[in-house]
Amino acid sequence: LYYHRVIETGLGGRPFPQVQLVYSGEEPKNPCIAEIRAKHLDKLVLDPTKSMVGDLCLLLKAKNLAVTMSSFSTSMKMLNTEVKRLFFVNTLQDDGGARINYDFNAREICEAFPMAVGYKVLKVQPRPPTPAAYFHRF
């Protein structure tokens with residue numbers, strides 16, 4: 001749901017007409033890729049460049065950037081001097097107050113990226129039986 005919400009409302013309450021995906025070609029593939037393609041047939045959904053350098057350039061030049069929780073995405077967004085809208089998500093269902101990286105300090109994020117929008121994954125009860133089922137509810 002996180003990616004869908006960003007795609008459908010992230011452009012000042014309006015949908016983005018075009019979506020640039022950046023993901024690894026390694027297996028297993030993230031189930032969100034197929035889900036995004038299936039749900040957003042009315043938008044131009046672009047594939048990654050097929051090269052690490054090309055994908056890094058896409059991330060470093062993006063004006064609108066939706067990221068997941070990872071040290072890679074944290075590094076890329078901090079190096080990007082062009083980003084206007086940053087979308088980020090806390091996927092920990094219960095972090096117990098732990099702050100494992102800078103992404104969870106909303107004040108710092110908003111200072112660095114004034115148009116940042118954060119999302120929190122709500123607890124799913126009962127826990128989905130498979131990782132794919134969990135990520136499709138995400």
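Modeller: Before we begin, a nonpolar core is a set of buried Ala, Val, Leu, Ile, Met, Phe, Trp, Tyr and Cys residues joined through side-chain atoms within 4.5 Å, and buried means under 20% relative accessible area. Please keep in mind that this is a predicted model.

Biologist: Which residues in the largest nonpolar core touch the most other members?

Modeller: This core has 16 residues, and the elements that give two or more residues to it are α1 (2–9), α2 (31–39) and β4 (85–90). Among these elements, α1 gives the most, with 4 residues. The members that touch the most others are Y2, V6, L21, F87 and Y119.

Biologist: How many residues does the other core have, the one that lies apart from it?

Modeller: Apart from the largest core lies another one, and L59, L65, F88 and A116 are among its members. The number of residues in this other core is 11.

Biologist: In what pattern do helices and strands follow one another along the sequence?

Modeller: The secondary structure of the protein comes to 6 helices and 5 strands. Read along the sequence, these elements follow the pattern α-β-α-β-α-β-α-β-α-β-α.

Biologist: In what order do the 3 strands of the open sheet lie?

Modeller: The edge strands are β3 (64–66) and β5 (117–120), each of which pairs on one side only. The pairing in this sheet is parallel, and the twist averages 10 degrees from one strand to the next. The order of the strands is β3-β4-β5.

Biologist: Which residue in β4 is the bridge partner of N64?

Modeller: Strands of a sheet pair through backbone hydrogen bonds, either parallel or antiparallel. Here β3 and β4 pair in the parallel sense over 3 bridges. In β4, the bridge partner of N64 is R85.

Biologist: Why does β4 count as largely enclosed by the rest of the structure?

Modeller: A residue is buried when its relative accessible area is under 20%, and across the whole protein buried residues make up 34% of the 138 residues. Strand β4 is largely enclosed because, of its 6 residues, the number that are buried is 5.

Biologist: Which elements are included in what covers the buried residues of α1?

Modeller: Helix α1 lies across β3, β4 and β5, and runs at about 160 degrees to β4. The buried residues in this helix are Y2, Y3, H4, V6 and I7. What covers them includes β1, α2, β3, β4 and β5.

Biologist: Is H4 buried or exposed, and with which residues is H4 in contact once its neighbours within four places in sequence are left aside?

Modeller: The place of H4 is in helix α1, and its relative accessibility of 7% lies under the cut-off of 20%, so H4 counts as buried. Leaving aside those neighbours, H4 is in contact with E35, I36, K39 and H40.

Biologist: What kind of aromatic pair do Y2 and Y3 form?

Modeller: A pair of aromatic rings is described by the distance of the centres and the angle of the planes. Y2 is buried, with a relative accessible area of 4%, and Y3 is also buried, with a relative accessible area of 19%. The rings of Y2 and Y3 are 5.0 Å apart from centre to centre with 45 degrees between the planes, and this pair is tilted.

Biologist: What kind of pair do the rings of F16 and F87 form?

Modeller: F16 lies in the loop between α1 and β1 (18–20) and F87 lies in strand β4, 71 residues apart, and the pair links distant parts of the chain. Both F16 and F87 are buried. Their ring centres are 6.3 Å apart and their planes stand at 90 degrees, so the pair is edge-to-face.

Biologist: Is S75 buried or partly exposed?

Modeller: S75 is found in helix α4 (residues 71–79), and its C-alpha atom is separated by 9.9 Å from that of L60, 15 residues apart along the chain. Because partly exposed covers the range between the cut-offs of 20% and 50%, the 36% relative accessibility of S75 makes this residue partly exposed.

Biologist: What share of the accessible surface belongs to carbon and sulfur atoms?

Modeller: The accessible surface of the protein comes to about 8,700 Å². The share of this surface that belongs to carbon and sulfur atoms is 60%.

How values were computed:
Residues are numbered from 1 along each chain as its sequence is written. This is a predicted model: local features need pLDDT of at least 70, side-chain atom pairs count only at pLDDT 80 or more; totals for chains, interfaces and linings use all residues. Side-chain values use heavy atoms; hydrogens and water are left out. Buried means under 20% relative accessible area, exposed over 50%, partly exposed in between (1.4 Å probe, protein chains only). Accessible areas come from the Shrake-Rupley method with a 1.4 Å probe; for residues, only the protein chains shown count as cover. Contact means heavy atoms within 4.5 Å. Rings of Phe, Tyr and Trp (its six-membered ring) pair if their centres lie within 6.5 Å; planes under 30 degrees apart count as stacked, over 60 as edge-to-face and the rest as tilted. Two strands pair if DSSP finds at least two bridges between them. Axes are lines fitted to C-alpha atoms, for helices over the stretch in contact, and angles run from 0 to 180 degrees between N-to-C directions.
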